[in-house]
Amino acid sequence: PSFLKTIDTAGVERISILNKVKEQDEIRVNTYGMLSGSIETPENISTDEVYEKYVASLEALKNLLVELDECSGFYTEYEKFYWLGYVMYQCGVGSSRIHDPEQAEKFLKPALEYLTDFEEYVPYGNEDFAQIVSLVCNQGYLSALQIVPSLAAVIGENEQRQDEEKELYESLINEYVPNYEGFPYIQAGAYRKVGQYYMYQNFDLGRARDCFREGIAILERYTSLEESLQVGSTTMLEMKDLLSNIVEGEESETIRQEIEQYQHLNTWSQTINLKNE
């Protein structure tokens, strides 16, 4: 009957590829969760086996890049840009986690280019595209801004490139944050990343304080600490906690009193160890 819509071959191919992305992405997330300790590992599986499955999921995602690039069934060329950028981002972060910074950079740089091009055509937060993303990814809608600190961290592993690392972190605030007006959690998250960089890598505590204060202010114009925690975000709590450690006197004491009842939520001091191969 005419009212039944037929999906053409290219459309079927698009659906098939995105299902493959979804499948491998879920394996990647679950195995990394086991390696990091956030997901309990079944007793019959060894750490080595989990690690091998994690690496295999990254390889499978890498292999999907050719299929994504050659698929003609995407709604627009820009949709293809998003998925290429998304998969490259996951491959880049994964390469970093298994201690291969050179490979990580090779994926993260084009990932940033693809997402930047995509957002020039489809501004971040587009409701129609967010619906598509929700069908494929459990970790949410990726933004170009989120790729920058991953790339900066990888580049910073080379002591000869620390100036480049600093420029990338500063670009988060100067170039990217203004593009996400109306998304305070995204903007505040950028200030958190830059503050952490200055606190732990660059050791400029004055700059770190400024970043944490500005990030907190962005969120407080939109929500409260309690409300932010109720929606599952610890961004403000984390920045307040970090700020309390690098300010003194009354300001520090006031912050500590405010966050004391929420310290059981503190997870950012945990470290993750992956097999170094």
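Which residues does Tyr 89 touch, not counting residues up to four places away in sequence? I started my notebook there, with a predicted model open in front of me.

**Entry 1: Tyr 89**

I looked up the contacts, and Tyr 89 touches Leu 108, Ala 111, Leu 142, Gln 146, Ile 147 and Ser 150. My next check was where it sits, and Tyr 89 turned out to be in helix α3. Its relative accessible area is 14%, and since buried means under 20%, I wrote Tyr 89 down as buried. I also took one distance from this spot. Tyr 89 and Gln 146 are 57 residues apart in sequence, yet their C-alpha atoms are 9.5 Å apart in space.

**Entry 2: the cores**

Next I went after the nonpolar residues. In soluble globular proteins, nonpolar side chains tend to be buried together. Here the largest nonpolar core has 76 residues. Tyr 82, Trp 83 and Phe 129 are the ones with the most contacts inside that core. I asked which helix gives the core its largest share. That is helix α3, residues 77–97, with 10 residues.

I then picked Trp 83 and listed its partners, leaving aside neighbours within four places in sequence. Trp 83 is in contact with Leu 18, Leu 68, Phe 74, Phe 129, Ile 132, Val 133, Val 136 and Cys 137. There is also another core, apart from the largest one, and this other core has 7 residues. I noted Leu 35, Val 50, Tyr 54 and Ile 98 among them.

**Entry 3: α3 against α5**

Staying with α3, I looked at how it meets helix α5, residues 127–136. Their axes are 13 Å apart, and the two helices pack at an angle of about 40 degrees. I put α3 and α5 down as oblique to each other, because that angle falls outside the ranges for roughly parallel, perpendicular or antiparallel. The crossing of α3 past α5 is right-handed.

From α3 the contact takes Glu 79, Tyr 82 and Trp 83. From α5 it takes Phe 129, Ile 132, Val 133 and Val 136. Sorted by class, I got 6 nonpolar residues, 1 charged and no polar.

**Entry 4: α8 and two partners**

What is the angle at which the axes of α7 and α8 cross? I found roughly 150 degrees for α8 and helix α7 (residues 162–176), with the axes coming within 8 Å. Angles over 145 count as roughly antiparallel, so that is what I wrote for α7 and α8. Their crossing is left-handed.

On the α7 side, the contact is made by Gln 162, Glu 165, Lys 166, Tyr 169, Glu 170, Leu 172 and Ile 173. On the α8 side I listed Ala 190, Tyr 191, Lys 193, Val 194, Tyr 197 and Tyr 198. This contact has 8 nonpolar, 1 polar and 4 charged residues.

Then I turned to helix α11, residues 235–244, and its meeting with α8, residues 184–200. These axes come within 10 Å and cross at roughly 30 degrees. Angles under 35 degrees count as roughly parallel, so α8 is roughly parallel to α11. Here, too, I noted the handedness: α8 passes α11 in a left-handed crossing.

From α8, this contact uses Ala 188, Gly 189, Arg 192, Gln 196, Met 199 and Tyr 200. From α11 come Thr 235, Glu 238, Met 239 and Leu 242. By class, I have 5 nonpolar, 3 polar and 2 charged for α8 with α11.

**Entry 5: odd phi values**

Most residues other than glycine have a negative phi. I went looking for exceptions and noted two. His 99 is not a glycine, but its phi is positive, about 65 degrees. I found His 99 in the loop between α3 and α4 (101–121). His 99 counts as partly exposed because its relative accessibility is 41%.

Phe 203 also has a positive phi, near 60 degrees. Phe 203 lies in the loop between α8 and α9. Is Phe 203 buried or exposed? I got a relative accessible area of 63%, so Phe 203 is exposed.

**Entry 6: Arg 221**

Last stop was Arg 221, in the loop between α9 (205–220) and α10 (225–230). Its relative accessibility is 63%, so Arg 221 counts as exposed. I took one more distance here. Arg 221 and Pro 184 are 37 residues apart along the chain, and 8.8 Å separates their C-alpha atoms.

Conventions: Residues numbered from 1 in each chain as written. Predicted model: local features only at pLDDT ≥ 70, side-chain atom pairs only at ≥ 80, totals over all residues. Heavy atoms only, no water. Helix = DSSP H or I, 4+ residues; strand = E, 2+ residues; numbered from the N terminus. Buried < 20%, exposed > 50% of the residue type's maximum accessible area, 1.4 Å probe, protein only. Core = buried A, V, L, I, M, F, W, Y, C linked by side-chain atoms within 4.5 Å. Contact = heavy atoms within 4.5 Å. Axes fitted to C-alpha atoms, helices over the stretch in contact; angles between N-to-C directions. Parallel < 35°, antiparallel > 145°, perpendicular 65-115°, else oblique. Left-handed = near helix turned anticlockwise from the far one by under 90°. Nonpolar A, V, L, I, M, F, W, Y, C, P; charged D, E, K, R; others polar.
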